[in-house]
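This report covers helix packing, an aromatic pair and some backbone features. The chain is shown below.

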Amino acid sequence: MHILVVEDERSLAGTLADILGRERYLVDLAYDGEEGLDCALSGIYDGMILDVMLPKLSGFEVLRRLRQSGSALPVLMLTARSELSDRVAGLDAGADYYLTKPFEREELLACLRAILRRPTEVAPATLCFGDLELGEESGQLCCGGQSVQLGAKECQLMRLLMAAGGAVVPRETLYLKGWGYDGEAEGNVVEVYMSFLRRKLTHLRSRVQIEAVRRMGYHLREAEA
Ligand code: CA
């Protein structure tokens, strides 16, 4: 797997290259937005880690131009800024995941694994994880001979969890993909929806469980048969 890291803080870029190198990813570094965009457009990468605050072109602008070119390259955005409006700008520009600095090594690797697992061409109509199948169009969640109907938000969240294939999906990603910037949404809305989904999994007698990972997010885990 060949990863492009676009980060102007040299020491952080070096740390990222070191972390990824140890996991046997092949890493190239770019130190500003223009260089990053040129590299990303080469089409040789499997994923990109993109800082928001960059010289020459911002991370958002790099992402916008990349998507405009038709590229579906999976992108993990790094942001030191915590303003929601910035992150929403990134969502609109087509980022797959967000990670707020400072982050833990494990958190970074989990996010990267999740975006790399994401199909970059055509999304399958049916997602599978363990004994579960989710019809993305129908919102039908099936297990064995049983099925339940998921609501639109439940389906969206379940899709993110299943597509991650057991990796942790950051709580923030679930929130932003599900609700975006919506002053109406309560802070604990992700937890509330996770409890709805858990109830449906219990109803289906699925071996798959939704587990919370403290300060990170949620992931699916299949219990031993
Ligand atoms: Ca920066």
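Helix α1 (residues 10-22) passes α5 in a right-handed crossing, where right-handed means that the near helix is turned clockwise from the far one by less than a right angle, and left-handed anticlockwise. The model is a predicted one, in which local features need pLDDT of at least 70 and side-chain atom pairs count only at pLDDT 80 or more, while totals for chains, interfaces and linings use all residues. Residues are numbered from 1 along each chain as its sequence is written, and side-chain values use heavy atoms, with hydrogens and water left out. Helices (H or I, at least four residues) and strands (E, at least two) are DSSP runs, numbered from the N terminus.

**Helix packing**

Two packed helices are described by the angle between their axes and the distance between the axes. Axes here are lines fitted to C-alpha atoms, for helices over the stretch in contact, and angles run from 0 to 180 degrees between N-to-C directions. The axes of α1 and α5 are 11 Å apart, and the helices pack at an angle of about 65°. The two helices are therefore roughly perpendicular to each other; the classes are roughly parallel under 35 degrees, roughly antiparallel over 145, roughly perpendicular from 65 to 115, and oblique for the rest. On the α1 side the contact (heavy atoms within 4.5 Å) is made by Leu16, Ile19 and Leu20, and on the α5 side by Arg105, Leu108, Leu109 and Leu112. By class, these residues divide into six nonpolar, no polar and one charged. Ala, Val, Leu, Ile, Met, Phe, Trp, Tyr, Cys and Pro count as nonpolar, Asp, Glu, Lys and Arg as charged, and the others, Gly among them, as polar.

A second packed pair consists of α6 (residues 152-163) and α7 (residues 171-179), whose axes come within 10 Å and cross at roughly 140°. That angle makes α6 oblique to α7. The crossing of α6 with α7 is right-handed. Lys153, Gln156, Leu157 and Leu160 of α6 meet Leu174, Lys177, Gly178 and Trp179 of α7. This contact has four nonpolar, two polar and two charged residues.

**Aromatic pair**

The structure holds one aromatic pair, formed by Tyr193 and Phe196 and edge-to-face in geometry, at 5.1 Å centre to centre with 70° between the planes. Rings of Phe, Tyr and Trp (its six-membered ring) pair if their centres lie within 6.5 Å; planes under 30 degrees apart count as stacked, over 60 as edge-to-face and the rest as tilted. Both residues lie in helix α8 (residues 189-204), three residues apart, about one turn of the helix. Phe196 is partly exposed, with a relative accessible area of 29%; buried means under 20%, exposed over 50%, and partly exposed in between (1.4 Å probe, protein chains only).

**Backbone features**

Most residues other than glycine have a negative phi, and most peptide bonds are trans. Two arginines have a positive phi:

| Residue | Phi | Loop | Relative accessible area |
|---|---|---|---|
| Arg205 | about 55° | between α8 and β11 (208-213) | 72%, exposed |
| Arg215 | about 65° | between β11 and β12 (217-222) | 73%, exposed |

The peptide bond from Lys101 to Pro102 is cis, with omega near -5°. Pro102 sits in the loop between β5 (97-100) and α5 (105-117).

Val52 is in the loop between β3 (47-51) and α3 (59-68), and is buried at a relative accessible area of 4%. From C-alpha to C-alpha, Val52 and Gly33 are 9.1 Å apart in space, with a sequence separation of 19 residues.
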